[in-house]
2 protein chains.
Amino acid sequence: MLRQNGLSCQSSCEIDLRDATKQLELLGKVESLKGRKRGSKRDPEAKKQLLIKATLDTIADIGVTDTTVSRICERSGLSRGMIHLHFGGKDNLLTAAAQHFSAQYYSEMDRMTDLGPDASPEDRVMAVIEADLSEALLNPRSTKIWHAFRGIASSHPGIARYSSTQDHRLVETLRLAFSEIAQQNGRDANLVDDATSGTLALMEGMWVNYLTDMQGFSRRRSVKLIRRFLCGLFPGKFKL
Amino acid sequence: MLRQNGLSCQSSCEIDLRDATKQLELLGKVESLKGRKRGSKRDPEAKKQLLIKATLDTIADIGVTDTTVSRICERSGLSRGMIHLHFGGKDNLLTAAAQHFSAQYYSEMDRMTDLGPDASPEDRVMAVIEADLSEALLNPRSTKIWHAFRGIASSHPGIARYSSTQDHRLVETLRLAFSEIAQQNGRDANLVDDATSGTLALMEGMWVNYLTDMQGFSRRRSVKLIRRFLCGLFPGKFKL
DNA sequence: ACATTTAATGGACGATCGTCCATTAATGAC
DNA sequence: GTCATTAATGGACGATCGTCCATTAAATGT
């Protein structure tokens, strides 16, 4: 499936590459580089990405326990030697997959919370919550992968680094927003910290709820639940 | 596994029954049961418990991925054939271990939340929270095991049944308490549900925080954080 | 005392694990 | 076109996996 898609793209790009080198020299060089990255039949970086993708898919499908080198290679359509060649071993591939997954989460989170510069702090907080609970970030595949990685994190230091929601930027985004809200009417020094850490904890809990019972889960109700808690924390704010 | 358990139980009961008919009828039955359980050198049930204990310890130590039959037997001091003999295979042992772990959690939770019959609903809620975050329930061993099981739950149906905090009794305990609090001054139909589910979610999040950063974790602050959220949800209640 | 039943052992078994490498195929340089 | 370089293959390798069973040991029944 993915393999077919990749192959057809590769062959067409190869033709473009030859045409370009025939006509121009300097430009052709640059283009061939770009073309190489995209479509050439020999593209190590693309293969690495393909292996990472296959690893994550396999974990989501059959769990980390049954995710073996053979299974990953079978799914990616690549030979068994590729993992050792590109990553030096299964462990490094798993770590790279965790890193990729984490980066993808935050990338999508950034994209969805890019409000204007004059957005209210309440809106910014709610944007983070709604993004975290959106189908783009919270879906069967991502929850399974996420909890699978966390489950083995404590015995796999390389993965532990990427199995925490406590990404610095995200924490600071929330803390800054809560700080703006609190300075108007707050006095407790821990209010901002508690709101930040509590919001993250509530989102974690919602992910667990989703994993445990996908049928009965409601994104709308989950968002409203967190908003209700925040409304209690900051009276007058976060009103529906 | 269950079948074997049933068989051994049957035979022992049969034996006890015959002894009892020889000497005394009712009392003999009880005594021979107790004596066999405690002192006999051949005690299948004790071996089963020993294997479950060793399984949980191994998971906490080196993670589910590296928890093999050999490793479990090595730790328990028993021979490699015992797992197949007593549980019929590794999978059943893992499931039994998850069940045991879950039962132990709720047993301890019950013990710590057994307040008098005239305890206020607020006190009952806080008792649950404080128990959940106490060292008896929240410690390095239990967090590692808990998240390890949850990580493989989605690809291991037998374990999934025991990897949810949403134990019925615990949920009902909280819901009842929140219901009593809310009926005095609440009108929103979802308030009780949100308080219940939000409290569980916050506790989940605290467990994740503990797993992620045991050094920086503070039980006291975590309890206060949740209390603060509940105080916001039920103004006037849960005051420090 | 002996016979019977059950607990427990530990090695055999095939399958599969992850790693590594000799080989082949494709590419870039001249 | 030829050569050097690099990507990619797929099988060999020893280790270890989980399962199973012939055997031994212990407890029970007669």
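Copies are superposed here by least squares on the C-alpha atoms of residues with pLDDT of at least 70 in both. I state this at the outset because the model before you is a predicted one, and my opening point concerns its two protein chains.

Under that procedure, chain B is brought onto chain A by a rotation of 180 degrees with 0.0 Å of shift along the axis, and the RMSD is 0.1 Å. The two copies are thus related as by a two-fold rotation axis. Within chain B, the residue whose C-alpha comes closest to that axis is Gly232(B), at 1.9 Å. As for the interface, 100% of the interface residues of chain B are also interface residues in chain A, so the copies meet through the same surface.

Let me now turn to DNA strand C. This strand is surrounded by 23 residues, and the closest are Arg80(A), Lys90(A), Arg42(B), Lys47(B) and Ser79(B). Of the atoms of DNA strand C that come within 4 Å of the protein, 65% belong to sugar and phosphate. By class, the surface near the strand comprises ten charged, nine polar and four nonpolar residues.

Which atoms of the strand do particular side chains approach? For Arg80(A), a polar side-chain atom lies 2.6 Å from a base oxygen of DNA strand C. Thr68(A) places a polar side-chain atom 3.3 Å from a phosphate oxygen, and an N or O atom in the side chain of His86(B) is 3.2 Å from a phosphate oxygen. The elements giving two or more residues to this surface are α4 (69–76) and α5 (81–87) of chain A, together with α3 (44–62) and α5 (81–87) of chain B. Of these, α5(B) gives the most, with four residues.

Technical notes
Residues are numbered from 1 along each chain as its sequence is written. Chains are lettered from A and ligands numbered from 1 in the order in which they are written. This is a predicted model: local features need pLDDT of at least 70, side-chain atom pairs count only at pLDDT 80 or more; totals for chains, interfaces and linings use all residues. Side-chain values use heavy atoms; hydrogens and water are left out. A residue is near a molecule or strand if one of its heavy atoms lies within 4 Å of it. A polar contact is a pair of N or O atoms within 3.5 Å; within protein, one must be able to donate a hydrogen and the other to accept it, and residues adjacent in sequence count only if both atoms are side-chain atoms. Ala, Val, Leu, Ile, Met, Phe, Trp, Tyr, Cys and Pro count as nonpolar, Asp, Glu, Lys and Arg as charged, and the others, Gly among them, as polar. Contact means heavy atoms within 4.5 Å.
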